[in-house]
Amino acid sequence: MKAFRILILLILAIPVFAQDIPVDINNISDQQLAQIMVRYQLQGLAPEEVEQVLKQKGVPADQIIVLNRRIASLDPLTGSSQNAYKTKTSEEFTVPRKKIEISGPSVAPSGLRVFGSEIFENQNLSFEPNLTISTPRNYSIGVGDELIVDIYGLSESTKKLKVSTEGYIRFPNLGPIKVSGLTIEEAQVRIREAAGKIYTTIAGGSTKVMVSLGQLRSIRVTLVGEVKKPGNYSVSSLSTLMNALYASGGPSDLGSFRKIELVRNGKTITTLDLYDFLLKGDLSKNRILQDDDVIRVGTYESRVAVSGAVKKKALFDVKKGENAADILRYAGGFADDAFKERIRVKRMGVTGFEVFSVKSDGLSAFQLHSGDTLVVDALANTFTNRAFIDGAVYYPGEYGLNEFANLKDLLVAVRVKENAFVDRALLSRLNPDLTPAVLPFNVKDVLSGKTDIRLQREDKIHIYPITSLREAYSVTINGEVNRPATFTFADNMCVQDLILLADGFKEGASRSRIEVSRRLLSTSSTDTTAYSIIHSIDLGSAKAEDLNFVLQPFDIVSVRKSPSYRTQITVSVEGEVLYPGNYTLSGNKERLSDIIARSGGLKQTGYATGAILLRKTRVNQTSADEALFSSKINTISNQSKRSSGNSFAATDTAKIASNVNGLLVDQKPVGIRLAEAMEKPGSLYDIILEEGDVIKVPKLTQTVQTFGAVNVPRQIAYHSGLGFRRLISESGWFAPNAARRYAYMVRPNGEIKTTKRFLFFRFYPSLEPGAEVYVPAKKDKRPISTPEYIAMGTGLASLGGLIIALINTVK
C-alpha cells in the first residue's frame, strides 16, 4: 500500500494540481479524484516535493493530511473507496442492465415464455427509487448517511454532517450525537434538544431546527436462489425489493414468480407475489431494503402452459389451491375467436401423455398438475348459415339462411341486373361428404315461382352477365386518323362515329376512299376462299348510305392517304456555300445543282471535289425488310473478314445495321461529283435529292493521309507528282502483315478507288488532295503445332494400313 501511495503521489504531483483541490477535500468524490489522477499521470514528483508544491499553492496542512488518507483508501484496481459505507450519488446507485449478463428470456421447449419474465428485460422499467423526492419520515438513518441540519430564525446556520461508523454525527461546538437507527423525525427531535444547549433561542421558538437527508448511503443486499445473476449488490438505501430483483435479471427459468421472500436478520418479513403486481398493480409488499437483507427466490412448485385462442399465451406459475379457471383468467381469458364450449388439457402421465376435455363450466373444479398444457381451440373456419352470391346482381356477397331460406327470396334481395343471362345460372353445393355438386337453374323460373329451390349451408350462386358469355365486341380504325386504335363496339355505331372516337382525320386523309373490312358470318359447312367482306364508302359525297354506314362487331376501318397530299421536304446545305442552311424542295425533280444554285453557289474556298452527300436509308422498313437487310449485312461482313481480315468493313456494316424500331440511326455518305453536276446540270452525277439529304461542301484540303497496315500511319502535304507508292514510302512502307493487293483509296467525296492487278503488276489509284489511303492487314494464320503434325501422320498411316488391307483382301 505504501508503494501504491507513492505512485499516486507521483501522478498527482504537478504544479497545476493544487488548482483542482477545493478548500475542503471531503467535497470531491472518489470519481473526481480518480479523474484528476488519470489526467496528470504523465508527470510526477517525489512525495515530499508534492507536499511542498501543495503548501506553496495555499493548501492547508490539515487538508494535505486528509488528501493522503483519501488516496490511501482508494482501491488500486477500481479507483473507488474501499469503505463499504461511502456516500453515493443517485447516478451511482443505478445498476446498468447492460452489465448484467442474463441468460436470455425464459422460454419453454413449447416456445412459450414464462408469464411476467418480460418486465425484467425492459430497459425502460428499472424500479429505481426516486432520490429527488422528500425523505420518507419513517426512513431509518444508518452509517454513511449525510444529514443536513438547517438552523434558522434569530440564528442562521446550516451543517452537513455524516453518520460515522459508530452511528454518531459530530455537531460543531457541541459534540457527537447518536442518530443511527432513528427516523428523520426522531433525529430532528434529538438534534433540536442537543442544539438547544448552544442556541438558547430554540427553546423559546424564535429559532427552529430542521433536519433532512442529504446524500444517501449505499447498502449491500444478497440475492440467492433461482435468480439469473445471484450475488451481492450495492444499492441505494431507498431501494426496494423489486429494485434489487430487477438488478439481478429476475427469476431464472426455474425460479418462482409467486414466492419471493425478503429475509432480514434470519426472519422472513414479507413474501412478494409478482402476479399481484402484474395482474392487480399491487406493490404493497415491495418493502424498502435494509443493509444485509437477503432476497431468496425459490424454485417454482407447479407450472402450466396456456396456448391456443387465449389473449396471453405463456407459462404460468400455479399456487396451491388454484384451478384451471384461475389460470385461464391469468391468461386474459378467451380470445375473440376461441371455441368456448370446452378446452383440452394435455398432461404427462405415469407411462405416457394424456388428454382431457374439460367443459368451460367445469374449469373451476378441474385441478391442474405441473407440466399441464391448456389448449384453447379456435372456431372452425366454417359458417353454419351462409350462402354466397355473385355475378350479374347489384348486391353480391354473403347472406344468412335465417333471413333467406329459399333462392327466390335471395334473388329478390340482391336484385338481378338487366344484363344477366337468365336462361341458365349455376348453384354450387356441397354434398353430405363435402364433395362439390352443381345445380343449374333458370333465373326466370325461380323469380316467377315456377321453380322452388331451398338453400343450404355454403351454397354459392353465380349469375352470368351476357357480355361474359361471348367474345368482347370491338371495332378498329387505322390509317390517317389522329388516334388509330381499337374501341369497344356499341349498337348503331357508324363510320363517322368511329372517326370521332379516333379524334378525327389527319390533314392528308382521303375522305372519298374509306374501306371497311367485315368478318364472314356464314353458317354454311362448306369451305370458302373469301377472308372478309370489303365495303368502300365515300364520306365526301352526300349519299346517305355512305354517311350512315352502320358498323358491326369486329369491323376494321381503314382511312387512306390522299394521293395528292404532300408534306414539305427539306434538305440541308452546309459548309463552303454563300447561304448555308435548310432548303425546302419545290418538287420531286429538284437536283443537286439546283440546291447549290439556290444556296448562292460555292465560296472561293469551297472544294467541290471533296463535297459529300449524307442520305437516310432504310426508313420505315418492315420486319421482313429488316431481316433481309441484316442477312445481307452479315454476308458482306463475313466476306470482308475472309478476304482481307479488314476491320473497317465490319465496323461500317455494324453502323449500317444500327437502327431503332426500323428507323435510321446513322446517315450514310453517298458518292457524288459536285463539280461535274454543276458543270452539266441534269447529267448522271446531278442526282435528284430526297428528304433529309445533307450536302457538305468542305474547304480545299492540302493533305493526304494513310491508315492501316503501314509502319508509320501519317498525314502528308499533297504536292504535284505525289503518287500512291510514294505516299506509302513516306509512311515507312507496307507493314509485314500488309495485304497490298487490297489497298484502296477513299476520295474526298467518299468514293473508293481500289488497287488494280494485271498479270504480275499492280496499278494503284492516283492521289488527289484530301484523299485517304487504307491498307488492310492480313488475317493471322496460326502455325500447325507438333501434336497436330503427329495426329495428321497417325491418321495418314492408319489410312495407308487400311488401303493395304483392302488390297490384300481383294487378292
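Is Arg344 buried, partly exposed or exposed, and at what relative accessibility? In this predicted model, Arg344 has a relative accessibility of 26% and therefore counts as partly exposed. Its side chain meets that of Asp377 in a salt bridge, with 2.6 Å from N to O. Because Arg344 belongs to strand 14 (residues 342-348) while Asp377 lies in the loop between strand 16 (373-376) and strand 17, the pair ties together parts of the chain that are 33 residues apart in sequence. Asp377, with a relative accessible area of 25%, is likewise assigned to the partly exposed class.

The chain as a whole comprises 811 residues, of which 37% are buried, and its secondary structure amounts to 20 helices and 40 strands. Of the contacts with a separation of 6 or more, 62% are made by residues 24 or more positions apart. The exposed area of the chain is about 46,800 Å², and carbon and sulfur atoms contribute 53% of this area.

Strand 17 (residues 386-391), which follows the loop that holds Asp377, pairs with two strands described here. With strand 18 (residues 397-400) the pairing is antiparallel and extends over 4 bridges, Ile389 standing opposite Gly397 of strand 18, and the two strands are joined by a hairpin of 5 residues. With strand 21 (residues 459-463), by contrast, strand 17 runs parallel and is joined by 5 bridges, and within this pairing the bridge partner of Asp390 is His462.

Strand 21 also takes part in a salt bridge, since the side chains of Arg429 and Asp459 meet at 2.8 Å, N to O. This pair links distant parts of the chain, with Arg429 placed in strand 19 (residues 425-430) and Asp459 in strand 21, 30 residues apart. Both residues fall under the 20% limit that defines burial: Arg429 is buried at 16% relative accessibility, and Asp459 is buried with a relative accessible area of 0%.

A further salt bridge is formed by Arg560 and Glu515, whose closest N and O atoms are 2.8 Å apart. Arg560 is located in strand 26 (residues 556-561) and Glu515 in strand 24 (residues 509-519), so that the pair ties together parts 45 residues apart in sequence. Here the two partners are partly exposed, Arg560 at 37% relative accessibility and Glu515 with a relative accessible area of 23%. Elsewhere, salt bridges that share partners join Arg258, Asp273, Lys319 and Glu322 into one network. In total, the structure holds 25 salt bridges. Side chains of opposite charge can pair when their charged atoms come close.

An open sheet with mixed pairing is formed by 5 strands in the order 35-34-40-36-37. Strand 35 (715-717) and strand 37 (752-754) occupy the edges of this sheet, and because each has a single partner strand, one side of each is left without a neighbour in the sheet. Neighbouring strands of the sheet are turned against each other by 20° on average, when direction is ignored. Within the sheet, strand 36 (residues 744-746) and strand 40 (residues 772-775) run antiparallel and are joined by 3 bridges, and the bridge partner of Met745 in strand 40 is Val773.

On the surface, a nonpolar patch is made up of Leu796, Leu799, Leu802, Ile803, Leu806 and Ile807, which together have about 590 Å² of accessible area. One of these residues, Leu806, lies in helix 20 (residues 786-810). With a relative accessibility of 51%, Leu806 counts as exposed, because the exposed class begins over 50%.

A contrasting case is offered by Gly144, which is found in the loop between helix 5 (90-93) and strand 2 (146-153). Although placed in a loop, Gly144 counts as buried at 6% relative accessibility. The C-alpha atom of Gly144 is separated by 9.4 Å from that of Ile219, a residue 75 positions away along the chain.

Key
Residues are numbered from 1 along each chain as its sequence is written. This is a predicted model: local features need pLDDT of at least 70, side-chain atom pairs count only at pLDDT 80 or more; totals for chains, interfaces and linings use all residues. Side-chain values use heavy atoms; hydrogens and water are left out. Buried means under 20% relative accessible area, exposed over 50%, partly exposed in between (1.4 Å probe, protein chains only). Contact means heavy atoms within 4.5 Å. Accessible areas come from the Shrake-Rupley method with a 1.4 Å probe; for residues, only the protein chains shown count as cover. Two strands pair if DSSP finds at least two bridges between them. Axes are lines fitted to C-alpha atoms, for helices over the stretch in contact, and angles run from 0 to 180 degrees between N-to-C directions. Patches are made of residues with over 30% relative accessible area and no salt bridge: like charges are joined within 9 Å, nonpolar side chains (Val, Leu, Ile, Met, Phe, Trp, Tyr) within 5 Å. A salt bridge is a side-chain nitrogen of Lys or Arg within 4 Å of a carboxyl oxygen of Asp or Glu.
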